[in-house]
Amino acid sequence: MAGFDRAELLTVMAKLSDVDPNDATVDLRQTIKPTVRVEAAGPSQSRNASISAQSAEPPPRAEGYQLIDVLGRGGMGVVYRARQPALGRDVAIKRLQQAAAPLRDAFLAESIVTGELEHPNVVPVYALCEESGGELWLVMKRIGGRTLAELLAETPPPRPRESPPRSRETIDRGIEILLDVGDALRFAHSRGILHRDVPPENVMVGAFGEVLLLDWGVAARFGGVPDDPPGDGDAPAVSGPVPHVRGLRQIAGTPRYMAPEQAMGRGDLLGPWTDVYLLGGVLLEILTGSPPHAGDTLMEALAAACRAEPPQLGPEIPADLQAVCRTALSRDPEDRYRDVESFQGALRDYLEHRESRTLTEHADRGLEQWRAEVGRGVPPDDRARRYASVGEAIASFQHARLLWVENEPARQGESRARQEWAQLALDAGDLGVAETAIEGLGSEADSLRARIADERSERRRTLRFVRWLGGGLVALQALLVAALAWFGTWEVERFTHREIVEQLERLSRAVGAALAGVEAAHPEALDDVADALGRAEGLRIELIGPDGHQLAHSHEDQSGVSPTAAQPVVQRVLAGGEGGVMELPGALALVRPWRHEDGPTGALITALPRDVLDGPLHAVLVGGLAALVVSFLLFSLVVVRLGRRLTASLDRVL
């Protein structure tokens with residue numbers, strides 16, 4: 001629709017011949033009805049002119065009805081509460097106050113439209129009567145209850161930054177009422193009738209929840225072209241008593257709710273989308289408490305209606321509900337819902353998905369609380385509870401999407417929650433938890449996946465190092481045990497050798513002295529003494545004379561090895577050299593000089609078996625080796641167990 005300027009506004013104002021557009025006392029929530037001329041009334045009078053209670057005397061009778069009292073008065077008639085004795089019920093009777101033809105036609109038009117629309121959300125009409133004096137009576141169902149305006153007044157809308165928005169229950173109930181009003185309009189549109197005036201004051205809600213759309217006084221037909229072309233004057237062209245939109249040239253409706261085409265007096269632009277705009281205006285008041293158009297005077301309100309600027313809606317109102325409201329209140333009819341059914345479908349979608357939205361809001365609050373707790377720090381022993389808390393928020397987001405697959409805020413919320421959960425798990429080193437947290441996410445989690453992969457690679461390197469370290473420790477322990485065993489064996493051998501040599505030197509001196517004394521006293525007993533000494537000390541004794549012949553020997557070889565292997569040393573001793581220790585298989589032999597009858601020196605050979613000390617020393621050696629083996633096994637067991645536990649732990653986090 002084209003733009004709107006002041007010149008066009010002045011043209012619009014010219015269509016309000018009976019209303020001062022600058023009069024600040026005009027009630028902008030009351031309906032403006034087309035001007036009608038009453039020839040007998042002198043100066044022009046508006047159908048909106050009020051009738052005082054004193055000027056409207058109740059008629060003496062209404063045939064078939066008993067008038068009880070006055071329910072209300074308007075510019076065109078008086079509404080009475082009456083009793084219909086024949087059916088025993090109370091009814092409402094609307095009586096035309098003036099008999100002028102234009103008023104009579106308008107009264108008939110409203111009566112015909114209301115009577116034609118037999119719908120649960122339209123007040124039923126029982127009869128249209130004409131008394132003998134020409135008075136017209138419209139008999140209707142007597143309705144009770146409160147208007148939508150009164151209901152909304154009970155729950156004041158929020159003021160910015162001062163109070164919370166209307167409760168969800170109030171908004172949802174208002175939307176349900178609006179859907180019922182839409183049913184009445186859809187039915188009227190199917191019969192070719194536009195309402196053109198749907199403020200909250202024209203919506204009645206009964207005591208049992210029934211919803212009725214009232215006041216069809218400015219209704220008009222649309223669709224077919226009237227028989228006569230529309231004129232350019234103020235009087236509307238009509239097809240029968242009900243005017244057609246093509247012939248409308250005056251402004252009609254409630255200023256604060258008018259569609260732009262209504263405010264411009266462009267009847268040729270009216271259609272079902274006009275009533276859609278009116279429904280959008282009521283929706284805006286349900287949401288914010290304010291009608292679509294502001295202004296202190298009629299001119300300001302109509303100027304605002306012609307501009308039809310997009311409504312300002314706060315973030316507390318769901319985004320999809322904001323979209324419905326803005327679409328319905330689009331200035332250009334082409335941008336609005338083309339019919340009431342489309343508008344209702346959008347609202348029903350909202351109501352159908354409200355549980356999903358509620359879950360999303362609950363999850364958002366839980367996520368914010370979790371963030372606050374995490375911001376204060378997470379003790380190591382409290383990670384499981386933190387994970388459970390964010391898990392609850394994620395579950396709520398998932399449930400919301402299960403109820404409504406296209407719930408984009410829930411999808412985004414779940415994605416954010418999963419990424420923040422993964423971040424927390426990564427910071428704590430829980431790679432498995434982090435990977436589970438982002439499972440199923442798209443490219444938005446690629447950076448986290450890369451970090452998890454890097455961390456896992458690092459831990460695999462650590463795991464390999466741990467395994468090599470464990471094997472190295474076991475091998476080192478085995479090497480240490482082997483070295484200790486070798487050292488122990490070598491030390492025992494060295495100790496045994498030293499002890500045997502010392503014992504041989506001691507015994508050799510004693511044996512030499514004994515043999516020397518025997519030789520001096522009883523040379524013939526020398527061999528027996530040597531044999532006896534050998535048996536007593538466990539020695540192998542052999543006495544060699546200076547000429548190299550054997551003088552005496554022990555008859556039993558205690559060492560198990562013949563000392564003849566010591567002959568090279570014996571020859572050296574006999575030649576006047578020093579003796580020494582001989583390493584023989586299984587024995588040690590000591591060769592030392594032996595003086596023969598103060599004459600030349602012979603050689604005394606004494607030998608002991610190597611295993612002479614094996615008993616106690618081998619027991620010590622075996623005990624030491626056993627202790628080493630046991631310590632090795634225990635150490636290996638500890639290393640293996642620790643390695644397995646560490647490996648299992650790393651495997652779990654990997």
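## A sheet of three strands

Let us start with a small piece of the fold: three strands form an open sheet in the order E6-E8-E9, and their pairing is antiparallel. Strand E6 (146–147) and strand E9 (211–213) stand at the edges, and each has a single partner strand, so one side of each is left without a neighbour in the sheet. Please keep in mind as you look around that this is a predicted model.

How many bridges pair strand E8 with E9? Strand E8 (residues 203–205) and E9 are joined over three bridges, in the antiparallel sense. To find this pairing in the structure, look for Val205, which stands opposite Val211 in E9.

## A sheet of five strands

Another open sheet has five strands, in the order E1-E2-E3-E5-E4, again with antiparallel pairing. Notice that E5 comes before E4 in this order. Strand E1 (66–73) and strand E4 (125–130) are the edge strands, and each of them pairs on one side only. On average, neighbouring strands of this sheet are turned by 25° against each other, with direction ignored.

Strands of a sheet pair through backbone hydrogen bonds, and the pairing can be parallel or antiparallel. Here, strand E2 (residues 77–84) and strand E3 (residues 89–96) run antiparallel and are joined by eight bridges. One place to look is Val78, whose bridge partner in E3 is Arg95.

## Two pairs of helices

Now for the helices. Helix H12 (residues 408–428) packs against helix H14 (residues 446–521) at an angle of about 20°, and their axes are 11 Å apart. Angles under 35 degrees count as roughly parallel, which makes H12 roughly parallel to H14. The crossing in which H12 passes H14 is left-handed.

Which way does H6 cross H9, left-handed or right-handed? Helix H6 (residues 272–288) and helix H9 (residues 340–352) pack with their axes 9 Å apart, at an angle of about 30°. Because of that angle, H6 is roughly parallel to H9. H6 passes H9 in a right-handed crossing.

## The second largest pocket

Rolling a probe the size of a water molecule over the atoms shows where empty space is left. In this model, the second largest pocket has a volume of about 550 Å³. Its lining is made up of 20 residues, and Glu316, Ile317, Pro318, Arg357 and Glu361 lie nearest its centre.

Which elements give two or more residues to the lining of this pocket? They are helix H4 (168–190), helix H8 (319–328) and helix H10 (354–375). H10 gives the most, with six residues. Sorted by kind, the lining residues of the second largest pocket divide into eight nonpolar, eight charged and four polar.

Definitions and conventions: Residues numbered from 1 in each chain as written. Predicted model: local features only at pLDDT ≥ 70, side-chain atom pairs only at ≥ 80, totals over all residues. Heavy atoms only, no water. 1 Å grid on protein atoms, 1.4 Å probe; cavity = no way out; pocket = protein on both sides within 12 Å on 5 of 7 lines; lining within 4 Å. Points joined across faces, edges and corners; volume = space filled by probe spheres on them. Helix = DSSP H or I, 4+ residues; strand = E, 2+ residues; numbered from the N terminus. Nonpolar A, V, L, I, M, F, W, Y, C, P; charged D, E, K, R; others polar. Pairing = 2+ DSSP bridges. Axes fitted to C-alpha atoms, helices over the stretch in contact; angles between N-to-C directions. Parallel < 35°, antiparallel > 145°, perpendicular 65-115°, else oblique. Left-handed = near helix turned anticlockwise from the far one by under 90°.
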